[in-house]
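Here is my note on the model you sent round, set out as numbered points so that each can be checked against the coordinates.

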Amino acid sequence: MPSDVNPPRGMRDFLPAEKAKREHLLSVIRSQYSARGFEEIETPVVEDSARLHSGLGGDNEKLAFGILKRGLDAGDVAAAAASADLVALTDLGLRFDLTVPLARFYATNRAKLPTVFKSIQIAPVWRAERPQKGRYRQFVQCDIDIIGEPGILAEVELITATAATLTALGLAGCRIRINHRAILRHLIASWQIAAKQTERALITIDKEDKIGVDGVVAELVALELLAPELAEQARIDLGELADDGWSLTGENAPAWLDPAAYAQLLEIRDAVKAAAPEVPLIFSHNLVRGMGYYTGAIFEIQHPEFGYSLGGGGRYDGMIGRFLGTDVPAAGFSIGFERIVDLIPDDAVAGDEAVLLLHDRDVPVAQLIALQADVIAQGRRVRLEKRTKNVKALLARAAESGYRLVANVNAGTTSAAELEFRPLS
C-alpha cells in the first residue's frame, strides 16, 4: 500500500507557475515599501518558548508550535501532563507572527538602529490552526512597522504605504477602517462592564462579522459580562453608523465616544486626505482587531466584495518595553498575503520575455548551452526542451510556467541571431 505523499495538513506545495506568481506579488510589495524608506530585516523562525508565551501574542499563543526540550524523560512528560502545562516541555517554538520577533529584534539591536526605525518583514509564520479554506498552518506575512515615532506620522505613513501597495497589486476598491482602543474601552465602560473584563468583552465584539450584532450582545449577556437590561443599548451602540463615522462632534457625539482618541483619528484622517486623497479612510467604532497588545489607533483593510479583512494593524506602544524595561512607541501594518494571492487572477501577472528553445535530439549539447548563453545575454530567461511527439502538451506546460516565446533549434543553428521567436500560445 503506497504511503501518503501529501504535505502536512494546512501546508502546501507550490508548482512553478504558483511560485512565480507569489514571487512577482512579493516583489511588488517589497518595491513599494522600500521606495518609502522601509528596510527589510530577517529574524529566526524560532524564538524562546517563554517569549512566545509571555502574553504578547493574544490567542495566537495557544496556536504556537512548540519544540520539545532535548533530554526529556517519561517523568518530565507525566509531570507536565498532570499539571496541564505542556508548554513546560518546550524551550523553543516556531514564530506565530512577525511582531513578537520584531520587538525582540529591536531590543537586541537598538544601539545599531536609527532613532526611528522603519522595518519590512516578509516571511512565513506557523500556527496550529484547524485547516480550512483560506486558513493555513504555514503562511506568509508581509509587515511594515515604524518604531520610535510617537506621533501620527507613523500611522499616516503606514496607511498611505499600504494603500499604495494595494493599488500597485491591482486591488481596486479597498478601503481602510480605523478605530482607537480608547474608544473601545469607553464603549465597553458605558455598558457598565468591569475594566478587568475589557479584553474578554473585546474578544466577543471581534466576532461581529461572524455572528452579527445580535450574536455579540447575546454572548456578552450569556457570559455575564453585560447586564440584560443594558442589552438593547449595546445593540444600538454596535449598530451601523448613519454615515461614514466622521461627523461625531458636538451634539452628534455619542456618550461612549472618547473625545481625545476621536480627535487623534480626525487628525490622522485629515493628514491622509491631504497626502493621498484617493485613500478611503472610514471610522468604524466597532472595529476591534484581536491582538491584545494594541494600545492606540487600529486599522483594517476591507473590500466590499469580500466578507473578511485583507490585513490590519495598529499602534502597540507597550510591547517593546516588555523586553527593554522602557516603553518605545511602535506601530505596524500587515497585508494578508495569502488572501491577496487568491484574489488576484493568474493572468494579471504579466509574463517576462521568457523563451523556450525547442531542440531536436541530434543537436550537440555544447551547441545548446552556447545558444542558451547567447539568449540569456540578451536579458531573457531561457529553457531548453527536447522536442517530443506531443509538442502541444509540452508548449502548454511551458506557457503555464510563464514562457511566452518559442524558437526551434536544429543541428544547423549556430548563433542566437539565427533563431526565429514566435508566440508560444
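The points below go through the sheets, the helices packed on them, and two buried residues.

1. Please keep in mind throughout that this is a predicted model. The note therefore describes the arrangement as modelled, with local features taken only where pLDDT is at least 70.

2. One open sheet is formed by 8 strands with mixed pairing, and their order across the sheet is 1-5-6-11-10-9-7-8. Strand 1 (39–40) and strand 8 (281–283) are its edge strands, each pairing on one side only. Within this order, strand 10 (residues 311–315) and strand 11 (residues 330–335) are paired in the antiparallel sense over 5 bridges, and R315 is found opposite A331 in strand 11.

3. Two helices should be viewed together with these strands. Helix 5 (residues 153–168) lies across strand 5, strand 6 (138–147), strand 7 (175–180), strand 8, strand 9 (297–302), strand 10 and strand 11, and its direction makes an angle of about 15° with strand 11. Helix 10 (residues 259–275) lies across strand 7, strand 8 and strand 9, running at about 155° to strand 7.

4. Another open sheet consists of 3 strands in the order 2-4-3, with antiparallel pairing. Strand 2 and strand 3 (66–68) are at the edges with a single partner strand each, so one side of each has no neighbour in the sheet. Ignoring direction, neighbouring strands of this sheet are turned against each other by 35° on average. Strand 2 and strand 4 (residues 90–94) run antiparallel and are joined by 3 bridges, with E47 standing opposite G93 in strand 4.

5. Is S49 buried or exposed? This residue is in helix 2, and because its relative accessibility is 4%, S49 counts as buried. Leaving aside neighbours within four places in sequence, S49 is in contact with V87, T90, D91, L92 and G93.

6. Helix 4 (residues 99–109) is mostly covered, with 9 of its 11 residues buried. Those buried residues are T99, V100, P101, L102, A103, R104, F105, Y106 and N109, and what covers them includes strand 2 (46–48), helix 2 (49–52), strand 5, strand 6 and helix 11 (321–324).

7. Which residues does Q121 touch, not counting those up to four places away in sequence? Q121 lies in strand 5 (residues 117–126) and is buried, with a relative accessible area of 2%. It touches I41, T43, L98, L102, Q141, C142 and D143. Of these contacts, Q141 is 20 residues from Q121 in sequence, and the two are 7.6 Å apart in space, C-alpha to C-alpha.

8. Helix 6 (residues 181–189) and helix 7 (residues 198–205) pack with their axes 11 Å apart and at an angle of about 100°, and the two helices are therefore roughly perpendicular to each other. Helix 6 contributes R181, L184, R185 and I188 to the contact, while helix 7 contributes T198, E199, A201, L202 and I205. By class, the residues of this contact divide into 5 nonpolar, 1 polar and 3 charged.

9. Finally, strand 12 (residues 355–359) and strand 13 (residues 382–386) pair in the parallel sense over 5 bridges, and the bridge partner of L356 in strand 13 is R383. Together with helix 13 (residues 365–377), strand 12 and strand 13 make a right-handed β-α-β unit.

Key
Residues are numbered from 1 along each chain as its sequence is written. This is a predicted model: local features need pLDDT of at least 70, side-chain atom pairs count only at pLDDT 80 or more; totals for chains, interfaces and linings use all residues. Side-chain values use heavy atoms; hydrogens and water are left out. Two strands pair if DSSP finds at least two bridges between them. Helices (H or I, at least four residues) and strands (E, at least two) are DSSP runs, numbered from the N terminus. A crossover is right-handed if, with the strands pointing away from the viewer, the path from the first strand over the helix to the second runs clockwise. Axes are lines fitted to C-alpha atoms, for helices over the stretch in contact, and angles run from 0 to 180 degrees between N-to-C directions. Angles under 35 degrees count as roughly parallel, over 145 as roughly antiparallel, 65 to 115 as roughly perpendicular and the rest as oblique. Contact means heavy atoms within 4.5 Å. Ala, Val, Leu, Ile, Met, Phe, Trp, Tyr, Cys and Pro count as nonpolar, Asp, Glu, Lys and Arg as charged, and the others, Gly among them, as polar. Buried means under 20% relative accessible area, exposed over 50%, partly exposed in between (1.4 Å probe, protein chains only).
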